[in-house]
Amino acid sequence: VFSWAELTRRDFSQAQVRRMVDAGDLRLLRRGWYATSYADPTVVSAVSAGGVCTCASALDLHGVWVAPFGDLVHVRGRNVAAGGSASTHHACTRYGRAPREVYPLDDVATALQYAVRCLGDEGIVAACDSVLHQGLLEFTDLQALFSSMPVRIRRLLDRCADCLDSGAESIFGFRLTTLGIAFESQVEIPGIGRVDFLIGKRLIVEVDSVAYHDKSPEQREKDRVRDETAHRLGYIPWRISYKRLMFTWDEVVD
């Protein structure tokens with residue numbers, strides 16, 4: 001997706017753009033914004049709605065783990081109501097002054113500044129953990145981004161870590177801390193290897209994602225052998241699926 005300003009920066013003339021539109025190589029999304037036939041549909045939807053793609057939608061496209069947000073497209077801009085319906089687009093705001101809408105997709109830092117107004121506390125921590133784990137931003141970058149935000153938001157950085165492998169692990173760790181349950185994360189246990197969480201001296205908790213642990217019979221078999229080894233060494237291995245973590249948390253707590 002390109003703005004008219006970006007096309008002119010790339011030395012496209014008005015006549016060239018008009019010919020590309022006539023040929024179907026570009027289509028007009030709204031005044032001053034164009035899309036190729038292979039443009040990402042989420043970005044196209046956001047720009048068509050009168051703004052640019054931001055917040056959870058942009059973070060997701062950058063590969064950052066975000067809590068499920070359904071089919072909503074998160075968009076920011078002064079003219080967001082011009083396109084799309086309220087059922088498919090969510091108009092996002094941020095603390096402080098909004099930056100100009102220069103590019104169709106916000107970068108990670110900008111998207112995160114909008115996400116703190118949409119995501120809950122655990123979702124903010126999980127997104128920040130993912131950003132740190134992937135090396136997209138440094139912790140000092142997050143501190144700078146959060147510096148002008150309310151104290152409640154800034155304090156969430158104290159609960160972030162860059163060692164967790166998935167958003168589900170971040171959510172689980174956040175909830176344990178909220179419940180006042182002490183734990184260690186990413187613990188290396190001789191004979192077993194690295195485990196997601198160790199509660200007390202014996203309870204091993206593995207937070208299993210469908211993308212990894214259920215991707216093949218070989219991986220499932222490897223997990224079973226690992227659990228048997230843990231039993232033999234006196235540990236209590238317990239696996240929690242992503243679905244149970246996110247949708248039946250009360251049962252998990254019990």
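Which residue of β8 stands opposite S185? Keep that in mind as we walk through the model.

**Before you start.** This model is predicted, with local features needing pLDDT of at least 70 and side-chain atom pairs counting only at pLDDT 80 or more, while totals for chains, interfaces and linings use all residues. Residues are numbered from 1 along each chain as its sequence is written, and side-chain values use heavy atoms, leaving out hydrogens and water.

**Whole chain.** Show everything first: the protein chain holds 13 helices and 10 strands. Here helices (H or I, at least four residues) and strands (E, at least two) are DSSP runs numbered from the N terminus. The C-alpha atoms fill a box of roughly 75 × 45 × 30 Å along the principal axes. Of the 254 residues, 44% count as buried; buried means under 20% relative accessible area, with a 1.4 Å probe and protein chains only.

**Stop one: β7, β8 and β9.** Select residues 184–189 for β7 and 193–199 for β8. These two strands pair in the antiparallel sense over 5 bridges, where pairing requires that DSSP finds at least two bridges between the strands. Now for the opening puzzle: S185 stands opposite F197 in β8. The hairpin of β7 and β8 has 3 residues between the strands, and G191 takes a positive phi near 90 degrees there.

Add residues 203–208, which make up β9; β8 and β9 pair in the antiparallel sense over 3 bridges. The bridge partner of I199 in β9 is L203. This hairpin also has 3 residues between its strands, and G200 in the turn has a positive phi of about 65 degrees. Because 6 of its 7 residues are buried, β8 is largely enclosed by the rest of the structure.

**Stop two: the open sheet.** Next, select β1 (2–3) and β2 (26–30), the edge strands, each of which pairs on one side only. Add β3 at residues 33–36, joined to β1 by 2 bridges and running antiparallel to β1. The 3 strands have the order β1-β3-β2. Zoom in on F2, which stands opposite Y34 in β3.

Then show helix α3, residues 41–48: this helix packs on the sheet, touching β2 and β3. The direction of α3 makes about 45 degrees with that of β2; angles run from 0 to 180 degrees between N-to-C directions, with axes fitted to C-alpha atoms, for helices over the stretch in contact.

**Last stop: S57.** Select helix α4, residues 55–61, and pick out S57. Is S57 buried or exposed? At 2% relative accessibility, S57 counts as buried. Not counting residues up to four places away in sequence, S57 touches T42, F69, L72, V73 and H74, a contact being heavy atoms within 4.5 Å.

Notes
Buried < 20%, exposed > 50% of the residue type's maximum accessible area, 1.4 Å probe, protein only.
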